[in-house]
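Visitor: Hi, I'm new to this one. Could you walk me through it?
Guide: Sure, let's pull it up.

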Amino acid sequence: MALPVAEWRGRTARLWAALDPALRERLAAASLHDAVRLGCDLLRTEEEAALVRLCRQAPTDKEPEAASWYREQGNREFKQGRYQAALRLYSKAASHEPPGSPEVSVCFANRSAALLHLGHFEVCLEDIARAERHGYPDRLLPKVLLRKAECLLCLGRLQDAQDILGVLESKIALDKAMTTHLTQLKKLSQLKVKLREKERCPEPAREARGGIQGKPEIWEENNSVSGASSSLSLSFDAERGRHLVASQDIVPGQSLLKEEAFVSVLCPGESLPLPGGEAAWDTRATNADLYCHRCLRQLLASVPCQGCSYAKYCSQDCADVAWQQYHRTECSLGALLLTLGVFCHVALRTVLLAGFAEVSRLVGCSHSGDKDLENPEGRCKPLSEAPEAGAGTRGIPGCDGNGRYQSSYQALFHLLPHAEQHSPEHKFLCTLSVVAICKQLQAAGLEAAVLNQESPQQWSKLSGFEVTPRHKPKTCEKTSDELSPELKTVAEAMLRHVLQLQCNAQAITVMQELGPGDGAVVDKKPVRLATAFFPVLSLLNHSCCPNTSVSFSGTAATVRASQPIPRGQEVLHCYGPHQCRMRVAERQQLLSQYFFECHCRACLEELESGVKSVVSMRNSFCCPKCQAQMQGEEDTLCCSNEACATSASRENLSGRLQDLQQQTKKALDLLRVGKADQAIKMLLKCQMDAGNFLSPEHLLMGEMEDHLAQVYATLGKWQEAARHLKKSIEIVEMHHGPSSVETGHELFKLAQILFNGFAVSEALSTIQRAEGILSVHFGPQSAQIQELQEMKACLSELPRNILQRT
């Protein structure tokens, strides 16, 4: 959720409407500096109290009752053999345990059991160590020691396993009460037998494949733009602003830009209200449960923040770095930041990472030429006019004194906020929201931390359980105290960043698995994981037919050429509305949030030709009688076949389409609960119904073929799965193109199906094609390319007579 919750948006809208017209006019024309000062006066006590009430709907404090409940739910899942679900529930339980609680050791011990069953032995050992450090009860210690020995055996660490079993035998000898643990004693005996067998017949060392390494990418960094390839040059003009141009011919797949986000904030994901207003807790996993809140790596056994129940990390190192950089300030504001949305959170974290000295310097410089930062002519003046500035980039806003454009706060600060183009109501909402955050910072005693006036010794390391708990600042529910001048400066910078984000926010996406799957064929979809500022990536202008592809690894973005880019051509990125996915009118409407009208080649061709969009033709309705295309712009559509002359209501056909989508969703739900046969019947019926009124090239027709392939793959019917997936690929190619990333993902799935179905020659040719497409978009070192190469190597090692037969 980028913007604040609906209730807060509605409240600020009503407050705006009730303002005196003269004051509204003054606010609409106010600079960012003046807007903050007026906002401080207009954020009344009743608004602050309302915000406090809204924050209660997104609690981030520790709740021991929740911890106990999550642990019980985890135990239920564990007993039923659903170890992945149990793992996440134990993590939720650990995040709710208050500092110093002895129950947290039980959470870690329980989680280690789930990790053992899932085969994550190293991580299991880490959780066992956490349990031991946090005072796991002596009476239960045999269980975790046996688990530890079993992990060590599985890892081939025989001496370590023998040492643990020796410790356990000693404990039993000293404490006769332990002999009552018959299950543990039986397990001990089994492990000792297994240990002796491994010592007598050690397993042959496996040949280390180390993955199959692709060719290393050639990379020479640009002298003028950090993280950019030397094949690019930075340019500026009044129409296009800052932009990147090819300084030499570029080939598809060539890396053009590698940048670490200056700041990123995890999008929490949907957390829908529970039915009936029950006083229970949600077991559903969201982004906040699945990914590290700092580096965005996927979580297996999370390290929770000791101060709040929300922030979770992949390691203690990540937790400590996050605490020192920003979370020591954000920790007690979790509910407020969730209520006011990701944009406000990104704005706060941006100023925390930049440091108050740099924020204050740049805000001060903007006052001396406020309009220079917001119009193309004025933007030609850099903040520091150094005589040695690079001639090629002199005058381009955001460059440093040496004429170099870096992924820095200075470059980020110079991104346009378009303050004069945002609606006055939106600017008012953003102003009150950032002022509310700054007032809370002041009320919670966090001003010194924001202004970097605390010494490291004052930082209470609340980030993880490995540190001694110390008192965190108490959140004061409301305050009407006047903001200090320093926090007004912070609020002004934050307001600038919130407005910038509408045009410059970059979604970090990840391919996320759909459903649990059986491991044979993995179905994935792109999911928005985080919102970030990438100052260098922001140099790329938009096109609905871009010549680049952007991929992410954690918080790092990589831009590659997706097609040949001749020297002198601008390097372009798609902001979302792509010509393959929607018509020009829809694209232009979506792009209005960026305050420009798109004049890319795709838009101009479609607007000037007057020809109906290929997208709308492929996704059209067809005549229920003769299957010809239905046409018309009004509510009543007519068959394009004059001999037929059938008409139908657009509303009726749209309703049938929605019903069909709901039925398809129900079929997938049946598959997730193991009812594959019922899922096939429902999908085949949906396919038959769709054929009566949808174009054969309609995307939904392709999606149903894809879903059928998924169901047949689950049943191990590889030929049937491949047949349906090939039909899906034909439709995907029509919509997105044969070299698109969408086609690459579909070919990857087809390669998995053919590999599992032992269709060797066809699998090898599919692997080669998928590899060619995906390496352009993701590079030769990506996980998918590595998996394709492993499949190819495995198939190539088969005996020649088998290869000839297949």
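Guide: One term before we start: axes are lines fitted to C-alpha atoms, for helices over the stretch in contact, and angles run from 0 to 180 degrees between N-to-C directions. Also, keep in mind that this is a predicted model.
Visitor: Okay, so which strands does helix α24 lie across, and at what angle to β15?
Guide: Helix α24, residues 650-672, lies across β14 and β15, and runs at about 65° to β15.
Visitor: And what order do the strands of that sheet come in?
Guide: The order is β13-β14-β15, in an open sheet with antiparallel pairing. β13 (630-631) and β15 (647-649) are the edge strands, each pairing on one side only. Between β13 and β14 (residues 636-639) there are 2 bridges, and Q631 has C638 in β14 as its bridge partner.
Visitor: Switching topic: what about the nonpolar cores? How many residues are in the largest one?
Guide: There are 118 in the largest nonpolar core. W8, L348, Y405, Y409, I437, V490 and M494 touch the most other members.
Visitor: Which helix gives the most to this core?
Guide: Helix α18, residues 424-443, with 10 residues. Another core lies apart from it, with 34 residues, including Y712 and L774.
Visitor: How many salt bridges does a search of the whole structure find?
Guide: It finds 28. Take K148 and E132, where the closest N and O atoms are 3.8 Å apart. K148 sits in helix α9 (residues 141-154) and E132 in helix α8 (residues 121-133), so their salt bridge ties together parts that are 16 residues apart in sequence.
Visitor: Is K148 buried or partly exposed?
Guide: K148 is partly exposed, at 21% relative accessible area. E132 counts as partly exposed too, at 32%.
Visitor: Where do R723 and E720 lie?
Guide: Both are in helix α27 (residues 718-736), 3 residues apart, about one turn of the helix. Their side chains meet in a salt bridge at 2.8 Å, N to O.
Visitor: And which residue does E762 form a salt bridge with?
Guide: K726, with the closest N and O atoms 2.5 Å apart. That pair links distant parts of the chain: E762 is in helix α29 (residues 760-778) and K726 in helix α27, 36 residues apart. Elsewhere, R11, R44, E46 and E47 are joined into one network by salt bridges that share partners.
Visitor: Last one: which residues does the "domain: MYND-type" annotation cover?
Guide: The unreviewed UniProt entry puts it at residues 292-331. In the model that span is 38% helix and 10% strand, and its end C-alpha atoms lie 15 Å apart.

Note on methods. Residues numbered from 1 in each chain as written. Predicted model: local features only at pLDDT ≥ 70, side-chain atom pairs only at ≥ 80, totals over all residues. Heavy atoms only, no water. Pairing = 2+ DSSP bridges. Helix = DSSP H or I, 4+ residues; strand = E, 2+ residues; numbered from the N terminus. Contact = heavy atoms within 4.5 Å. UniProt positions renumbered as here; feature names shortened; annotations may be inferred. Core = buried A, V, L, I, M, F, W, Y, C linked by side-chain atoms within 4.5 Å. Buried < 20%, exposed > 50% of the residue type's maximum accessible area, 1.4 Å probe, protein only. Salt bridge = Lys/Arg side-chain N within 4 Å of Asp/Glu carboxyl O.
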